[in-house]
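Student: Hi! Could you walk me through this one?
Tutor: Happy to, let's bring it up.

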Amino acid sequence: MIRSKYEKRLLLTATITVFVTGLILASTLNNVEANQQKHNSSTVKLKCTLFGSFLNSENDNTIASAGVSAGTGSCNKMKNVGSLGSLIPVGEPMDPDGAGVDYCLPIASPPGGSEDLKAPSMIFDKKGKSVLFHLYGYQCFFDDNHNPVDVLTPFCGDETNIHFSESELALEVISDPSPSQYQSTQKFDDATGSGEVKSWIKHCDTKKPLANWFKTKVKIYLEIP
């Protein structure tokens, strides 16, 4: 059958209309799917800055004993927060970059949680939201001129003693499968995740409580069920 020019134009117009409608529909479906994925995302990125002080839990003038710290600061998803935790030596002193002295020490926080029956390290706000976590990494020590100092050197005293330290720690979020006193709370219930902690520490500042202070940067990627 021979089609007229008018019929051919109608057919071409209809074909183009169907094609364009298909593109619009596909684009709309893709946008809906993307928005659903964004809406259903369970990843929360916490970024915190903390300031505080600490002490050794034993009457020991070296790092050979456990340290307990407390601080305050802010997180982007929690606003004003407090922090509490402890760190213990978990290995032998080491010299990671050939400085000629064992000035770094592997450290970790108690694992924490209901199975361990120990309180973990934590960040919490006044509304009751909290994130509980385990830390592990290393802390390195320096004299008053920021030269590496043997880990077992006494603190303060003359300028060759330990005056400063820095730590880099990996973070693992603690989550218990059932409600307990050892799990994150409210919005972060049963959350899992990981992150990193970097601290700059001064040990001999008599203007600060216990002559110690720290500044800590925390990044945590929380996966909320």
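Tutor: We'll go through the surface patches, a strand pair and a salt bridge, keeping in mind that this is a predicted model.

Student: Okay, which residues form the positive surface patch?
Tutor: That patch is made up of Lys45, Lys47, Lys198, Lys215, Lys217 and Lys219.

Student: And which strand gives the most to the positive patch?
Tutor: Strand S9 does, with 3 residues. Both S1 (43-56) and S9 (213-223) supply at least two residues each.

Student: Where is Lys47 found, and how exposed is Lys47?
Tutor: Lys47 sits in strand S1. Its relative accessible area is 45%, so Lys47 counts as partly exposed.

Student: Back to S9. Which side chains point to which face there?
Tutor: They alternate along the strand. Phe214, Thr216, Val218, Ile220 and Leu222 point to one face and are buried. Trp213, Lys215, Lys217, Lys219, Tyr221 and Glu223 point to the other face and are not buried. Notice that Lys215, Lys217 and Lys219 on that second face also belong to the positive patch.

Student: Nice. Do S8 and S9 pair in the parallel or the antiparallel sense, and over how many bridges?
Tutor: Strand S8, residues 192-202, pairs with S9 in the antiparallel sense, over 11 bridges. As one example, Thr192 stands opposite Glu223 in S9.

Student: How far apart are Val197 and Ile220?
Tutor: In space they are 8.7 Å apart, C-alpha to C-alpha, with their positions 23 residues apart in sequence numbering. Val197 is found in S8, and Ile220 points to the buried face of S9.

Student: Is Val197 buried or exposed?
Tutor: Val197 is buried, because its relative accessibility is 6% and buried means under 20%.

Student: Switching topic: how many salt bridges are there?
Tutor: The count comes to 1 salt bridge. Lys129 forms a salt bridge with Asp125, and the closest N and O atoms are 3.0 Å apart.

Student: Are those two buried or exposed?
Tutor: Lys129 is buried, with a relative accessible area of 13%. Asp125 counts as buried too, at 8%.

Student: Last one: which residues make the nonpolar surface patch?
Tutor: Leu55, Val68, Leu84, Phe124 and Leu210 make it, and the patch is about 420 Å².

Student: Where does Leu210 lie, and why does Leu210 count as exposed?
Tutor: Leu210 lies in the loop between S8 and S9. Leu210 counts as exposed because its relative accessibility is 53%, and the cut-off for exposed is over 50%.

Definitions and conventions. Residues numbered from 1 in each chain as written. Predicted model: local features only at pLDDT ≥ 70, side-chain atom pairs only at ≥ 80, totals over all residues. Heavy atoms only, no water. Patch = residues over 30% accessible without salt bridge, like charges linked within 9 Å, V, L, I, M, F, W, Y side chains within 5 Å. Areas by Shrake-Rupley, 256 points an atom, 1.4 Å probe, with all protein chains shown as cover. Salt bridge = Lys/Arg side-chain N within 4 Å of Asp/Glu carboxyl O. Lys, Arg positive; Asp, Glu negative; His and termini not counted. Charge placed at Lys NZ, Arg CZ, Asp CG, Glu CD. Helix = DSSP H or I, 4+ residues; strand = E, 2+ residues; numbered from the N terminus. Buried < 20%, exposed > 50% of the residue type's maximum accessible area, 1.4 Å probe, protein only. Pairing = 2+ DSSP bridges.
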